[in-house]
Protein chains: 4
Amino acid sequence: MRDGETRIRLGMVGGGIGAFIGYVHRIASRIDDDYELVAGALSSDPALAQESGRSLGLAEDRIYASFAEMATKEAVREDGIQAVSIVTPNHLHFAPAKAFLEAGIHVICDKPLTSTLDEARALAKIKPKNGAKFLLTHNYTGYPLVRQARAMVANGDLGKIRVVQVEYPQDWLTRPLSSKQADWRTDPARSGPGGAIGDIGTHAYNLARFVTGLKTAAVSADLSTFVEGRRLDDNVHILLRFEGNARGMLWASQVAVGCENGLQLRVYGDKAGLEWRQDNPNQMWFTEFGRPKQLLTRGGAISGDAPPIQVRLPSGHPEGYLEAFATLYSQFAQMIRSGDAACPDLPSLADGIEGMEFIAAAVRSSHNQSMWTRLSDV
Amino acid sequence: MRDGETRIRLGMVGGGIGAFIGYVHRIASRIDDDYELVAGALSSDPALAQESGRSLGLAEDRIYASFAEMATKEAVREDGIQAVSIVTPNHLHFAPAKAFLEAGIHVICDKPLTSTLDEARALAKIKPKNGAKFLLTHNYTGYPLVRQARAMVANGDLGKIRVVQVEYPQDWLTRPLSSKQADWRTDPARSGPGGAIGDIGTHAYNLARFVTGLKTAAVSADLSTFVEGRRLDDNVHILLRFEGNARGMLWASQVAVGCENGLQLRVYGDKAGLEWRQDNPNQMWFTEFGRPKQLLTRGGAISGDAPPIQVRLPSGHPEGYLEAFATLYSQFAQMIRSGDAACPDLPSLADGIEGMEFIAAAVRSSHNQSMWTRLSDV
Amino acid sequence: MRDGETRIRLGMVGGGIGAFIGYVHRIASRIDDDYELVAGALSSDPALAQESGRSLGLAEDRIYASFAEMATKEAVREDGIQAVSIVTPNHLHFAPAKAFLEAGIHVICDKPLTSTLDEARALAKIKPKNGAKFLLTHNYTGYPLVRQARAMVANGDLGKIRVVQVEYPQDWLTRPLSSKQADWRTDPARSGPGGAIGDIGTHAYNLARFVTGLKTAAVSADLSTFVEGRRLDDNVHILLRFEGNARGMLWASQVAVGCENGLQLRVYGDKAGLEWRQDNPNQMWFTEFGRPKQLLTRGGAISGDAPPIQVRLPSGHPEGYLEAFATLYSQFAQMIRSGDAACPDLPSLADGIEGMEFIAAAVRSSHNQSMWTRLSDV
Amino acid sequence: MRDGETRIRLGMVGGGIGAFIGYVHRIASRIDDDYELVAGALSSDPALAQESGRSLGLAEDRIYASFAEMATKEAVREDGIQAVSIVTPNHLHFAPAKAFLEAGIHVICDKPLTSTLDEARALAKIKPKNGAKFLLTHNYTGYPLVRQARAMVANGDLGKIRVVQVEYPQDWLTRPLSSKQADWRTDPARSGPGGAIGDIGTHAYNLARFVTGLKTAAVSADLSTFVEGRRLDDNVHILLRFEGNARGMLWASQVAVGCENGLQLRVYGDKAGLEWRQDNPNQMWFTEFGRPKQLLTRGGAISGDAPPIQVRLPSGHPEGYLEAFATLYSQFAQMIRSGDAACPDLPSLADGIEGMEFIAAAVRSSHNQSMWTRLSDV
């Protein structure tokens, strides 16, 4: 928040007591002091919605039993919310996103965009009232060194990109598990046709696209389900072909024992290579061909002539997941205040649709003996 | 903040435009939503104080030109501040701390406690009005794995502690440097008799004490100044003897080229050893004698039967410096609300005095051919 | 070498002055004192063969101009060689291997087995005289922790294997390069139909098979050539399906800038996971589900009840590439002395043939739109 | 071994069945094919000496019951040994070293030089017959990156050295232990006045001296014994002052649970810093002030203009402890063949005497309240 500005009034759909990602969104919204949470439809369970709203200190008349009611009523309040965070399971993204955009309220929506590609495409056809904007929280793109990597690629520091290796292994679904988090993610009705591929595969895919800027030509996928009785994939193996002849591999897994959130991106060009891991996000390897490996640090000395990336803390003091998330929130606040139509660093509706195409193409390829499948063909 | 609670009204002394640590304190105060910054004496330069206050959205009548005025006026407002953060250079800790404690306003104060041991001891004699409480922001103690380490030692998981190796190397003062941050830290009038030992040595010392609980018997110090013309130490070598016969080494440096904020603690007992580094704070090594090394993660699977430590995010999603700092703020908020006289996990005035004794003893030892010097003798 | 034993008399084909792998074989043969090099056909260039033999201190009459002459003459000497190391480019493996086996001389042969699958199959039909034995130097299988990994998998410590990620990135062929080492490896006439896949992909494949014991069902490959004018693949992306439903990915590259010999194997079962890297081969991660990661060290404390692996040095003193290589040599010496027909830990002719099938299947798949291809179908 | 050279005939004192370091010396002597072991006085137990000699394939008449007999008889054989390796406990270094030097046989001796400083000084007064040479096996100086570090310091790449941090933690003596290795190392009669300081502290000290070239001014030591009943130190804390005002710390421990052979050297100058660890010896950090950290690899791309160091394998293929040890052996072979009086890279008798002075000074300082003690004063 800068001089003379006031906090953006924020609402939230989902994120009641016991939810994880809503809690994350709330911290992220506070870190740079750009938002004030003032309204919520925090649960589809009215009692829980009420209890959750009170625990967050919301005024009684702004604790809503449904997102629809919130959209309607907040849109007409003088002090109504200017933006809303949608932090529900995938199948509950489309309807509130549509409602708020049509009510002229900016939307911050968790990923993947929707539970089906049809919904995603329908969302793209909405006409937002008063230019209401949309942010998809592919939060890993908010890490400063991910931004730095993107800038270095764009700057040509790596030369022409040849090989992209991206992976996101976890192990929390190694065994059958029933929990608030696990249940909807393994339920096709709520998650959509993808399991691991939707939950973490899209993050990995988006990260590779964000950093390299390469356009995807086609995917060849082998999706597996290792836990008996599970109805969605829990391991994802994908070959990638990009336009311009770069090649890649994407691995996402929920059954890789010993991996917590092992998101990792490695990019190799004809001049240099980059390697970054989410679990130690304040460091990034950069190697120019024929030179020693360099360990770049967030905000530390840089190599090449790419512009430095904005950071909150001097190098050596680690920033983490919440700060990366907060960067998306604060840049979206800048978009809202400036009235800019887009911010090139922020994941957009178009990225959300591409993510859904990626899921659909991978599922189709996997059903067809890993046949190469173009995103544009799904 | 929990159900039914409201934010604690916070003021700030220092931390105007261009300051680093004030900015950190403000984010830390917001992360868990326990505080609202409403007043400030943000600079000793009135114009900068004014500009800084406005940029933070403070009301005009709560932007003060001096901490004394702020203490007086806020103490009598019905909506006056309940707590104040003091984020000035060392020589400007004592006076405001005294003023606010005597005004019945809780004090959050940066470390080291004061610029001289005499001031520190004088502060200890203040009678805070209405039981006003004191927090010293040895922020590294807020890292979840540091808490875990402390719990494991207390739980006996390491057995009897024998060896403690702690270090805090940096390199930012490798060459003569003039900047807002560097100038006061290398000026005896503002920093006190210690340079690196006060700025980072006390952090290292406090961390070792916090985790091990060992009481210091004596120190043997060799303080050096490598940069010509610098008036305070920029490298600190100290041998430590603890009660109960444990031994240790402490190294702090501002001229260790290639080190950013390399705070590291290693503790070895007769049953097991622990190793933790601040620059990747979400991991900690734990090794039981004769067993493989284990890599504990923040919030991840633990070893032994020490209680789990509270974290904001599941393991694998890194937390950082700001979250550790925020934990001190939120626990202090709990102390304030509960009325508890002390929180065993929070650095207190007594810790601050011990830190000043540590500086004084090390400086004296270094002046006396590294003679073993007891903290109680300074 | 044990009490009462004498050194095995060894010859060498290839490995003259300037060669790399012959030099490695010679050191490997000496480390455990089981061999004495006494004869050589060290180069196809007679002058270089002569010079090379003298520099190694060979007797004049045992410096041969051709492997054929060496096979014939040594076979009838009373003190003739008992074993021979073949360290020539791929297209020069078959003929000497055949000659020495038929002369009753044990063969130690570099990988891949031959330059074509037909040659490999022809070799399998040879009847070795006097039970002459064959060792294929997939040297990475000689690392103690690779042996340990294999024992742990066999012991059930990982449970049922689900996912296998193996990779071998290098960067030395990032740009067009002409050298003794590079020339034949990028020449189909000398290397065979595979470039990176033959040179390093077969190592990665063999390592995965050696450790997991899984049988390969089919491969889906995407081989690329990034350097203009190069006639063989320099990047290999392969999806793997194993019998019993495990899945895998294999990446090998000679253009991954910043990677030296980044051979890495990760294996995940339903009980635990393992991760090992060749560039720091004295450490291996082992994680049981729900437990902290453990860092096993070569010869250090182990986890589970798998038998300890033989090592030369106590843990903490690193062994390297040459020791792993030497282990193959010394175990082969034991095979020779004992007369055992096979050693389950040593790569055999059958492994060599499977490696050639792997190359052939991957090349075919890559030519057929990455169609899943069974090794038994090539 | 080069063209026209023959292997140096080697004898060994100590190193019988069950010994560790003798086994290491034998492998080291073979790796570069410069030596042939032909004689031995392998144990003070005649039966074990006999059995050990046979197991190594020595001729019956060259298996000796005592080093004295071996020195006398080998000195007059035409094919007598040219060099001898002394691999006995410390108190059995002096007598054989004296005997062989006076017999004109080159001596390779394990460290520390002797068990007392008096013996060391007596050894310095010996007049070796025929210029017999002396090598002290401070084997860690043989690591290629340690050589590289030394060359970089000498080349001025680090500027003027300010701070030296060296440590060698182990944990094998965490508890009372009785074994062939442990018994003599904890027995003052066989080890001398130093325990950990002699066994590993001298390695750490020598490494720091070797790389930096700094001359030691004085030490301030605090030696501890943590295991009850142990008669020698098992933990060593030392402050170092070097001529020219550089400062350092040395830590050696046998009770640091979780440490195997954690020898680590960090050197900081006014231009750059270096960090190297023995347990992953193929990598070294090098950071120029204000630039990103660089990870140098053994034989890989280098930084600055220091000359490259000779290696056996291309970078990425790890070399280890045995290769470093072998480098000392092969360079000593070159000294012997060339007749050069000294090799600047090889640890000499003078280094051995300084090591003994270091032990004596540290022990004296520790007995005198860690008083600063000059090596020249002991």
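**Exercise 1. Cysteines and disulfides**

Task: Work out why the sulfur of C259(D) is not in a bond with the closest cysteine sulfur.

Solution, step by step:
- Start with the distance. In this predicted model, the cysteine sulfur closest to that of C259(D) belongs to C259(B), and the gap is 18 Å.
- Now bring in the cut-off: a disulfide needs two cysteine sulfur atoms within 2.5 Å. So 18 Å is too far for a bond.
- Check the surroundings too. C259(D) has a relative accessible area of 8%, so it counts as buried.
- Then zoom out. Over all chains, the structure holds 0 disulfides. Take C109(B) as another case: it is in no disulfide, and the nearest cysteine sulfur, in C343(B), is 18 Å away.
- C109(B) is buried as well, with a relative accessible area of 1%.

**Exercise 2. How chains D and B are related**

Task: Find what turn and what shift lay chain D on chain B, and say what kind of axis relates the two copies.

Solution, step by step:
- Do the superposition. A turn of 180° with a shift of 0.0 Å along the axis puts chain D on chain B, and the RMSD is 0.0 Å.
- Read off the symmetry. The two copies are thus related as by a two-fold rotation axis.
- Locate the axis. Within chain D, M371(D) has the C-alpha nearest to it, at 3.6 Å.
- Compare the surfaces. Of the interface residues of chain D, 100% are also interface residues in chain B, so the copies meet through the same surface.

**Exercise 3. What the D–B interface is made of**

Task: Describe the contact between chain D and chain B: how many residues of each chain take part, and what area do they bury between them?

Solution, step by step:
- Count residues. On the chain D side 46 residues are in contact, and they meet 46 residues of chain B.
- Look at the area. The two chains bury about 3,800 Å² between them, with 57% of that on carbon and sulfur atoms.
- Find the top contributors. R162(D), V257(D) and F289(D) together supply 19% of the area that chain D buries against chain B, more than any other three residues.
- Turn to charges. Between chain D and chain B there are 6 salt bridges. One of them joins the side chains of E167(D) and R266(B), at 2.6 Å from N to O.
- Add the polar contacts. The count here is 16 residue pairs between the two chains.
- Place all this on the fold. The elements of chain D that give two or more residues to this side include β6 (161–169), β7 (216–224) and β10 (264–269).

**Exercise 4. Another pair of chains**

Task: Repeat the symmetry check for chain A and chain D. Which residue of chain A comes closest to the rotation axis?

Solution, step by step:
- Superpose again. Chain A goes onto chain D with a 180° turn, a shift of 0.0 Å along the axis and an RMSD of 0.0 Å.
- Find the residue. Q294(A) comes closest to the axis, its C-alpha being 2.2 Å from it.
- Check the surface. Since 100% of the interface residues of chain A are also interface residues in chain D, these copies meet through the same surface.

**Exercise 5. A glutamine in a loop**

Task: Decide whether Q254(D) is buried or exposed, and find where it sits.

Solution, step by step:
- Find its place. Q254(D) is in the loop between β9 and β10 of chain D.
- Apply the cut-off. Buried means under 20% relative accessible area; Q254(D) has 2%, so it is buried.
- See what surrounds it. Leaving out residues up to four places away in sequence, Q254(D) touches, among others, Q170(D), W172(D), D199(D) and D233(D).

**Exercise 6. Unusual backbone spots**

Task: Find what kind of peptide bond joins K111(C) and P112(C), and where the positive phi of D33(B) turns up.

Solution, step by step:
- Take the peptide bond. K111(C) and P112(C) are joined by a cis bond, with omega about -10°. P112(C) sits in the loop between β4 (106–109) and α5 (117–125) of chain C.
- Look at chain D. The bond from K111(D) to P112(D) is also cis, with omega near -10°.
- Move on to phi. D33(B) isn't a glycine, yet its phi is positive, about 65°. Its loop runs between α1 (21–31) and β2 (35–41) of chain B, and at 12% relative accessible area D33(B) is buried.
- Try one more. N245(C), also not a glycine, has a phi near 85°. You'll find N245(C) in the loop between β8 (235–242) and β9 (247–253) of chain C; with 40% relative accessibility, N245(C) counts as partly exposed.

Conventions. Residues are numbered from 1 along each chain as its sequence is written. Chains are lettered from A and ligands numbered from 1 in the order in which they are written. This is a predicted model: local features need pLDDT of at least 70, side-chain atom pairs count only at pLDDT 80 or more; totals for chains, interfaces and linings use all residues. Side-chain values use heavy atoms; hydrogens and water are left out. Copies are superposed by least squares on the C-alpha atoms of residues with pLDDT of at least 70 in both. Contact means heavy atoms within 4.5 Å. Buried means under 20% relative accessible area, exposed over 50%, partly exposed in between (1.4 Å probe, protein chains only). Buried area is the accessible area (1.4 Å probe) that two parts lose on being put together, summed over both. A salt bridge is a side-chain nitrogen of Lys or Arg within 4 Å of a carboxyl oxygen of Asp or Glu. A polar contact is a pair of N or O atoms within 3.5 Å; within protein, one must be able to donate a hydrogen and the other to accept it, and residues adjacent in sequence count only if both atoms are side-chain atoms. Helices (H or I, at least four residues) and strands (E, at least two) are DSSP runs, numbered from the N terminus.
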